[in-house]
Amino acid sequence: MKPWRQPNATNSLPEVHSSIHVPLNKGFWRTLAAYAGPGLLVAVGYMDPGNWATDIAGGSQFGYKLLSVILISNLFAMLLQHLSLKLGIATGRDLAQACRDSYSRPVSLVLWALAEIAIAATDLAEVIGSAIALNLLFGLPLPVGVALTVLDVFVLLYLQQRGFRLIESIVGSLILIIVLCFAYELLLAQPEVSALLGGLVPRAQVVTTPGMLYVAIGILGATVMPHNLYLHSSIVQTRNYARNDEGRAQAIRFATIDSTASLFLAFFINAAILILAAATFHYSGNQQVADINDAYKLLTPLLGSTVASIVFGVALLASGQNSTLTGTIAGQIVMEGFLNLKLKPWVRRLVTRLLAVVPAMIVAILYGERGTAELLVLSQVILSLQLSFAVVPLVRFTSNRLKMGRFVNPRWVTITAWAVAVIIIALNAYLLWNTLNWLG
């Protein structure tokens with residue numbers, strides 16, 4: 001029995017495949033430095049503007065209660081991103097290529113369409129987040145900010161021609177800015193530590209309260225991102241490790257360290273957003289704050305610092321720009337992987353970006369701030385609904401010995417991964433059932 005329906009036609013991201021040197025026998029830290037980078041690009045998806053919307057809504061409405069959801073979602077993410085990087089390194093295929101080479105053409109096309117919907121929802125969050133940040137910081141009208149995000153496509157094209165390491169360095173610098181901004185905000189907010197720690201303990205109330213469950217599923221969708229599973233399985237292959245069992249084993253080990261450490265950073269930022277919203281809004285009687293605009297306007301008067309809102313806006317802009325870089329790369333991976341379709345890079349990225357810009361522009365013109373805020377939260381629920389269609393193939397492939405060889409998941413990892421997949425599917429089914437009942 002063949003592990004794949006067809007041989008792998010091309011390398012993933014061929015323009016940067018195996019382009020980053022990995023030193024031989026240079027010690028742990030030098031080797032780790034060579035592998036560090038892809039984890040940061042993946043972590044960006046876990047701190048994009050869509051996360052901000054759901055975290056602010058969760059913190060202002062429910063205090064610290066949903067911190068446990070962020071923690072659990074992050075643990076899910078660490079496991080799934082490990083499986084993603086392992087698939088890419090062990091098989092030489094990204095997740096999109098693996099789906100194309102495993103499933104029939106109709107099934108593959110359906111998965112491709114669902115992946116594109118997920119990327120459009122991700123891009124929508126990035127476009128809206130960047131437009132809101134430009135509006136808050138510089139007073140640019142939302143439609144103008146949305147239109148300006150199209151330029152990101154050409155900036156990314158220029159950067160990628162200069163080498164993948166440059167993209168990783170820019171992303172790392174922007175993440176550092178976000179971390180410093182939120183460290184400053186938390187110092188001003190002075191959250192109650194005992195209540196904060198209590199929020200990390202899971203509660204049945206999260207599942208039994210419909211409003212809380214809706215936001216919790218939005219947080220799950222915003223945290224475990226479908227496009228990140230495609231992205232990670234590809235960008236780990238930019239390292240020039242030996243394409244044999246020994247080289248792959250080393251690559252998996254160091255890429256997992258890189259990924260896990262980076263996702264801890266993402267957890268800090270997501271938790272910081274919710275903690276800031278809880279400490280500043282929920283416990284001051286402002287539970288109605290549910291979007292980024294309201295948060296920006298209220299931070300300065302509530303925290304008593306004239307720069308609190310500006311720092312918040314700078315972090316949001318850095319988040320939106322970071323997410324743009326990784327989202328457009330994921331769009332390339334999905335289109336090339338599923339369809340083996342080669343378009344000129346600027347055409348492919350422009351099409352991907354316009355899928356997000358058009359609906360964002362319509363909503364910005366017709367409904368303004370409130371409409372874009374609601375669209376931002378909705379985009380995260382859409383992502384959550386798409387998540388199962390990336391997770392299930394990923395778990396299946398990495399649990400298949402024919403495909404993975406010696407790198408197949410241990411039994412306990414397989415059981416844990418399927419448990420995570422079932423939880424995600426069950427939560428999404430419950431959300432869909434509640435939504436249909438509400439519409440009925």
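Trainee: How many positive and negative side chains does the protein chain have, and how far apart are the centres of the two sets?

Mentor: The protein chain carries 28 positive and 20 negative side chains, with the centres of the two sets 13 Å apart. Keep in mind that this is a predicted model.

Trainee: Okay. What about helices and strands, how many of each?

Mentor: There are 19 helices and zero strands in the protein chain. Its radius of gyration is 21 Å, close to the 22 Å that the globule rule gives for 440 residues, so the chain is as compact as a globular protein of that length.

Trainee: And what does the C-alpha trace span along its principal axes?

Mentor: About 60 × 50 × 45 Å.

Trainee: What share of the residues is buried?

Mentor: Buried residues account for 59% of the 440 in the protein chain. As for the outside, the accessible surface is about 17,100 Å², and 68% of that belongs to carbon and sulfur atoms.

Trainee: Take contacts between residues at least 6 apart in sequence. What percentage join residues at least 24 apart?

Mentor: In the protein chain, that comes to 86%. Asparagine 228 gives you an example of a pair far apart in sequence: asparagine 228 and leucine 80 are separated by 148 residues in sequence, but by 9.5 Å in space, C-alpha to C-alpha.

Trainee: Which helix holds asparagine 228? And is asparagine 228 buried or exposed?

Mentor: You'll find asparagine 228 in helix 13, residues 226-235. Asparagine 228 counts as buried because its relative accessibility is 0%, and the cut-off for buried is under 20%.

Trainee: What is asparagine 228 in contact with, leaving aside its neighbours within four places in sequence?

Mentor: Its contacts are Leu41, Val42, Gly45, Tyr46, Gln81 and Ser84.

Trainee: Let's switch to serine 73. Where does serine 73 lie?

Mentor: Serine 73 is in helix 4, which covers residues 67-91. At 2% relative accessibility, serine 73 counts as buried. Its C-alpha is 9.7 Å from that of isoleucine 217, and those two are 144 residues apart along the chain.

Trainee: And serine 319, buried or exposed?

Mentor: Buried, with 0% relative accessibility. Serine 319 belongs to helix 16, residues 308-339. Setting aside neighbours within four places in sequence, serine 319 is in contact with Met47, Asp48, Pro49, Trp52 and Ile178.

Trainee: Now helix 6. How many residues does helix 6 have, and how far does it reach?

Mentor: Helix 6 runs over residues 105-138, which is 34 residues, and reaches 48 Å from its first C-alpha to its last. That is close to the 50 Å expected at 1.5 Å a residue. Glycine 139 follows helix 6 and has a positive phi, near 75 degrees.

Trainee: What about helix 15, what should it span?

Mentor: With 12 residues, 292-303, helix 15 should span 16 Å at 1.5 Å a residue, and its end C-alpha atoms are 16 Å apart, which agrees. Just after helix 15, glycine 304 has a positive phi of about 75 degrees.

Trainee: Which residues of helix 15 are buried?

Mentor: Ile292, Asn293, Ala295, Tyr296, Leu299 and Leu303. A handy thing to know here: an α-helix has 3.6 residues a turn, so residues three or four places apart point the same way.

Trainee: Which residue other than glycine has a positive phi near 55 degrees?

Mentor: Serine 18 does, with phi near 55 degrees. Serine 18 sits in the segment before helix 1 (28-35). At 22% relative accessible area, serine 18 is partly exposed. Glutamine 190 also is not a glycine, and has a positive phi of about 50 degrees.

Trainee: Where is glutamine 190 found?

Mentor: In the loop between helix 9 (164-189) and helix 10 (193-199). Glutamine 190 counts as exposed, at 64% relative accessibility.

Trainee: Last topic: arginines. Is arginine 411 buried or exposed?

Mentor: Exposed, with a relative accessible area of 70%. Arginine 411 lies in helix 19, residues 411-439. The C-alpha atoms of arginine 411 and serine 399 are 8.3 Å apart, with their positions 12 residues apart along the chain.

Trainee: And arginine 401, which helix is that in?

Mentor: Helix 18, residues 401-404. Arginine 401 is exposed, at 58% relative accessible area. Its C-alpha is 8.7 Å from that of proline 3, although the two are 398 residues apart along the chain.

Methods: Residues numbered from 1 in each chain as written. Predicted model: local features only at pLDDT ≥ 70, side-chain atom pairs only at ≥ 80, totals over all residues. Heavy atoms only, no water. Helix = DSSP H or I, 4+ residues; strand = E, 2+ residues; numbered from the N terminus. Buried < 20%, exposed > 50% of the residue type's maximum accessible area, 1.4 Å probe, protein only. Contact = heavy atoms within 4.5 Å. Rg over C-alpha atoms; globule rule 2.2 N^0.38 Å. Areas by Shrake-Rupley, 256 points an atom, 1.4 Å probe, with all protein chains shown as cover. Lys, Arg positive; Asp, Glu negative; His and termini not counted. Charge placed at Lys NZ, Arg CZ, Asp CG, Glu CD. Expected span 1.5 Å × (residues − 1).
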